[in-house]
Amino acid sequence: MKNILVILGTRPEAIKLAPVILELRKNPEINVWVCNTEQQKELSNQTLNFFGIKADYNLNVMRPNQTLSGVQARILAALSEIYEKCEIDATIVQGDTMTVFCGALVSFYNHVPVFHVEAGLRSYDLQEPFPEEAMRQMAARITDLHFAPTQKAKDALLRENIAENRVFLTGNTVIDALSCLSFPVMENAENLLREKGIRFDDKLVLVTVHRRENHGERLDSILSAISSLCDEFNNHQFVLPVHPNPNVHDKVFQALQGKRNVILTEPLDYPELVAIMKNTKLVLTDSGGIQEEAPTFGNPVLVMRYETERPEGIEAGFSKLVGADKEKILNEARAILSKNKNDTHLDGAKNPYGDGKAAKKIADAIQLWWSVDK
């Protein structure tokens with residue numbers, strides 16, 4: 001029996017690791033433990049509950065107005081206690097958060113192999129995104145198995161002299177997660193959203209903004225652009241799930257509260273967010289995961305960042321980089337919102353990020369890892 005510790009802490013990590021956890025648990029020779037650092041406490045636990053997964057360890061590391069070094073110290077200390085008490089044969093992390101870097105580092109310190117889901121994403125600008133680009137590059141140096149979501153991600157790892165037999169092209173598990181959303185689940189999500197006043201028509205716009213590098217003046221510029229769009233396209237409905245970080249929350253409400261065609265909600269659960277993505281005319285976001293999910297539904301995405309580690313969506317025509325540039329956001333959004341939804345809809349069957357079989361490929365690669373002489 002092999003013991004695998006899956007470490008996560010944010011909602012995107014919970015979404016993307018849930019298919020892997022469920023797939024690995026089909027194998028009677030593998031025991032899967034889940035550790036939630038609770039970097040996003042409510043959102044991560046809410047998402048795990050949706051998939052029927054309960055964390056074996058909850059670390060509750062977050063504190064108000066904490067520094068990056070402060071949260072890193074708490075995660076490292078809390079994880080170290082788990083590794084001291086438990087016999088762990090491998091660690092799985094996903095993505096590029098502080099949870100990922102700390103999970104990989106503590107695992108490395110304890111001579112436990114690290115398996116990295118969604119490995120190889122690169123912008124090669126340590127400030128864009130900050131601090132995620134540094135986190136994933138540092139984690140790569142101490143990772144044993146790299147599960148690359150796209151060919152570009154695999155190529156990046158190979159250019160960094162990662163051995164080819166340790167890199168597996170799997171697709172992104174976020175596409176697998178979408179298959180867990182049954183018709184009744186989606187119907188219930190849409191009904192709950194209607195109760196919040198959200199209209200499912202051809203004039204629905206989804207906005208998400210939260211990234212650390214967009215705090216401050218960049219966020220002011222983004223919100224000014226959104227405010228102008230709300231006024232100009234007053235027959236459209238703009239839905240913005242507000243991130244709980246006070247650096248984001250307070251500014252969003254100051255800029256947009258009171259506009260009659262804006263709905264500011266608390267963070268949505270996973271099915272609700274997908275329900276809006278499925279029905280939206282346009283997505284304005286600085287999120288990474290939404291860049292991957294939205295193409296499944298054929299919706300255009302304006303990425304409010306200056307760099308993206310997900311260029312496949314841009315190359316396939318699903319998304320455009322607009323940064324925090326007010327005029328660029330306005331011009332690109334106007335080009336879409338001024339047209340009928342059918343004229344801007346894209347072919348979701350061509351989503352470049354995966355085919356929904358990534359979790360099985362990851363589980364098979366892990367089984368191979370233990371079956372051959374390394």
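**View 1. Helix 6 lies across two strands, strand 6 and strand 7.** In this predicted model, helix 6 covers residues 151-159 and strand 6 covers 145-148. Helix 6 runs at about 165° to strand 7; axes here are lines fitted to C-alpha atoms, for helices over the stretch in contact, and angles run from 0 to 180 degrees between N-to-C directions. Helices (H or I, at least four residues) and strands (E, at least two) are DSSP runs, numbered from the N terminus. Residues are numbered from 1 along each chain as its sequence is written. Because the model is predicted, local features need pLDDT of at least 70 and side-chain atom pairs count only at pLDDT 80 or more, while totals for chains, interfaces and linings use all residues; side-chain values use heavy atoms, with hydrogens and water left out.

**View 2. Seven strands make an open sheet with parallel pairing.** Reading across, the order is 3-2-1-4-5-6-7. Strand 3 (57-58) and strand 7 (167-169) are at the edges with a single partner strand each, so one side of each is left without a neighbour in the sheet. Two strands pair if DSSP finds at least two bridges between them. Strand 4 (residues 90-94) and strand 5 (residues 114-117) run parallel and are joined by four bridges. Look for Gln94, whose bridge partner in strand 5 is Val117.

**View 3. Loops with noteworthy backbone angles.** The loop between strand 5 and helix 5 (132-140) holds Pro129, and Pro131 lies in the loop between strand 5 and helix 5 as well. Glu128 and Pro129 are joined by a cis peptide bond with omega of about -5°. The bond from Phe130 to Pro131 is also cis, with omega near 0°. Elsewhere, Asn60 sits in the loop between strand 3 and helix 3 (68-85); Asn60 is not a glycine, yet its phi is positive, about 50°.

**View 4. Six strands form another open sheet, again with parallel pairing.** The strand order is 10-9-8-11-12-13. Strand 10 (262-265) and strand 13 (319-321) are the edge strands, each pairing on one side only. On average, neighbouring strands of this sheet are turned by 20° against each other, direction ignored. Strand 8 (residues 204-208) runs parallel to strand 9 (residues 237-241), and three bridges join them. Leu204 has Gln237 in strand 9 as its bridge partner.

**View 5. Helix 11 meets two strands and helix 8.** Helix 11 (residues 270-279) lies across strand 8 and strand 9, at about 130° to strand 8. Helix 8 (residues 183-195) packs against helix 11 at an angle of about 85°, with the axes 9 Å apart. That makes the two helices, helix 8 and helix 11, roughly perpendicular (angles of 65 to 115 degrees count as such). Residues in contact, meaning heavy atoms within 4.5 Å, include Val185, Met186 and Leu193 in helix 8, and Pro271, Val274 and Ile276 in helix 11. By class, this contact has nine nonpolar residues, one polar and two charged; Ala, Val, Leu, Ile, Met, Phe, Trp, Tyr, Cys and Pro count as nonpolar, Asp, Glu, Lys and Arg as charged, and the others, Gly among them, as polar.

**View 6. The second largest pocket has a lining of 14 residues.** Pro300, Gly317, Lys320, Glu332 and Ile336 lie nearest its centre. On a 1 Å grid over the protein atoms alone, a pocket is an open set of points where a 1.4 Å probe fits, with protein on both sides within 12 Å along at least five of seven lines; lining residues have an atom within 4 Å of a point. Helix 14 (326-337) is among the elements that each supply at least two lining residues, and helix 14 gives the largest share, three residues. The lining has seven nonpolar, three polar and four charged residues.

Conventions
Angles under 35 degrees count as roughly parallel, over 145 as roughly antiparallel, 65 to 115 as roughly perpendicular and the rest as oblique.
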